[in-house]
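Please look over the sequence and the predicted model shown here, and keep both in view while you read the report that follows.

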Amino acid sequence: MGLLAGSTVLILTLIWGSCVVVGKCDIQNSFAIDNKDTKGYSLTGSGVSTDIWTSYAARIMVTSVIPFIIVQLPQLLNSNLGKDIAVLVSLIVSVALFLSYCLYQVFQPWIQRRRIAYAKHKHVISGILQHLKKQALGKLLRDDGEPNEEIIKKLFHLMDQDGDGSISYSELRAMIVGIRFDEIELDKDDAVGKVMEEFDTSHDSRIDLQEFLDGISKWIHEAKRLGDDSSNNDPHTMKFLFDFHSRTKQEHDLLGAGGQSDEIIEGVENPKWTTFKAVLMLLAGTLIAAAFADPLIDVVDNFSSATSIPTFFISFVALPLATSCEAVSAIMFASRKKKRTASLTFSQLYGSATMNNVLCLSVFLALVYFRGLEWDFSAEVLVILIVCIVMGVFSSFRTVFPLWTSSIAFLLYPFSVALIYVLDYVYGWS
């Protein structure tokens with residue numbers, strides 16, 4: 001239990017803070033600029049930024065502490081009754097959370113692709129509206145704020161290059177190719193296909209005048225709804241289009257869509273063999289952990305006897321430092337100083353803490369329940385709850401972490417060690 005608590009605390013404090021320091025870049029307009037580190041150790045002007053998926057990983061980590069709360073309920077109520085039931089319920093909940101987390105990992109890439117595709121489509125909408133605004137000299141709206149149908153009709157005829165009364169796929173593509181979409185990676189054919197699908201309600205692969213009017217009016221109303229935050233926004237200035245454009249660009253960046261080219265995965269030549277090898281390595285790792293667990297305990301006991309250091313502090317402080325593979329891989333990833341690698345780094349840390357809270361705890365609770373052991377780890381549970389909730393909530397609602405945020409993580413580590421010492425050896429909680 002000391003190793004479980006120490007590992008979680010180490011990941012979310014010293015390693016988390018070190019990744020911010022190692023991966024820091026210049027912060028401009030609420031984003032860290034990849035590979036640009038000219039501000040030194042500025043507490044507010046230097047730091048890291050992540051995508052929105054990393055924030056979701058932090059929220060999942062916070063949710064994963066629920067089994068710890070359940071198993072501690074009898075102690076919180078100062079009651080000896082129901083301890084076994086609390087352990088069993090906590091075991092069931094932790095296993096359910098573990099299975100749910102696995103399913104989420106399976107379906108997350110699909111969810112991520114769908115949201116990125118939708119964000120890119122909104123960016124196409126924004127770009128086209130900005131383009132039409134320039135073509136229409138900013139008169140897309142009437143004085144009452146409604147779409148100006150006469151101007152939209154003129155724009156339709158400008159796009160209808162062959163004058164046949166409809167916009168074809170090639171004419172629509174010619175317009176989209178001529179629009180600069182802030183240098184985002186955009187599949188032009190896919191963008192044309194989505195616009196054609198949205199406008200072409202008659203399904204004849206052409207956009208007639210009425211379909212064009214309906215489609216542009218729908219887009220304008222959507223842009224006003226999502227982009228207009230100002231009550232005194234003059235419809236003639238159409239400031240809401242700029243707001244809508246800024247928001248779609250920000251959403252695109254937060255989703256990490258710009259780094260998708262880094263994720264291009266080639267087809268696996270032999271998927272069955274790859275799956276078999278992956279399962280085999282998991283089993284081998286489990287067997288190694290089982291074979292060395294008992295000797296590791298003996299080493300801790302012997303080292304404790306030789307140095308007069310309490311066994312708990314060896315397992316809570318020394319073992320996590322010696323066995324934490326996350327430290328090396330996370331810091332190496334963070335040192336690449338890119339938003340993409342920073343997102344992967346912090347997602348890895350939150351994921352490791354989540355697995356500690358659900359998988360490792362499940363194994364531990366199973367041993368306690370089926371062997372009739374006593375659950376008496378109030379100090380360890382309290383430290384895990386404090387660190388996971390503080391760092392999880394702090395990371396759930398922001399994607400930019402200036403350098404000063406690393407101090408919060410660094411200070412939590414000595415606080416955790418001191419708290420364990422006071423609770424265990426002064427008040428005798430465990």
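Which residues does Leu12 touch, not counting residues up to four places away in sequence? Leu12 touches Met61, Leu349, Tyr350, Ala353, Val387, Cys388, Met391 and Ala409. Leu12 is also among the residues with the most contacts inside the largest nonpolar core, together with Trp16, Phe68 and Trp375, and this core has 52 residues. The largest share of this core, 10 residues, comes from helix 1. A second core of 33 residues is separate from it, and includes Leu129, Met175, Phe199 and Ile207. As background, nonpolar side chains in soluble globular proteins tend to be buried together.

Helix 1 spans residues 2-22 and also supplies at least two residues of the lining of the largest pocket, as do helix 11 (271-307), helix 12 (311-323), helix 13 (325-334) and helix 14 (339-370). This pocket has a volume of about 1,800 Å³ and is lined by 37 residues, of which Leu3, Leu4, Ala289, Ala293 and Cys360 lie nearest its centre. Helix 11 gives the largest share of the lining, 13 residues. The table sorts the lining by class.

| Class of lining residue | Count in the largest pocket |
|---|---|
| Nonpolar | 25 residues |
| Polar | 10 residues |
| Charged | two residues |

The start of the chain also carries an annotation, since an unreviewed UniProt entry places the feature "signal peptide" at residues 1-23. In the predicted model, the chain over residues 1-23 is 91% helix and 0% strand, and the end C-alpha atoms of this stretch are 31 Å apart.

Conventions: Residues numbered from 1 in each chain as written. Predicted model: local features only at pLDDT ≥ 70, side-chain atom pairs only at ≥ 80, totals over all residues. Heavy atoms only, no water. 1 Å grid on protein atoms, 1.4 Å probe; cavity = no way out; pocket = protein on both sides within 12 Å on 5 of 7 lines; lining within 4 Å. Points joined across faces, edges and corners; volume = space filled by probe spheres on them. Helix = DSSP H or I, 4+ residues; strand = E, 2+ residues; numbered from the N terminus. Nonpolar A, V, L, I, M, F, W, Y, C, P; charged D, E, K, R; others polar. UniProt positions renumbered as here; feature names shortened; annotations may be inferred. Core = buried A, V, L, I, M, F, W, Y, C linked by side-chain atoms within 4.5 Å. Buried < 20%, exposed > 50% of the residue type's maximum accessible area, 1.4 Å probe, protein only. Contact = heavy atoms within 4.5 Å.
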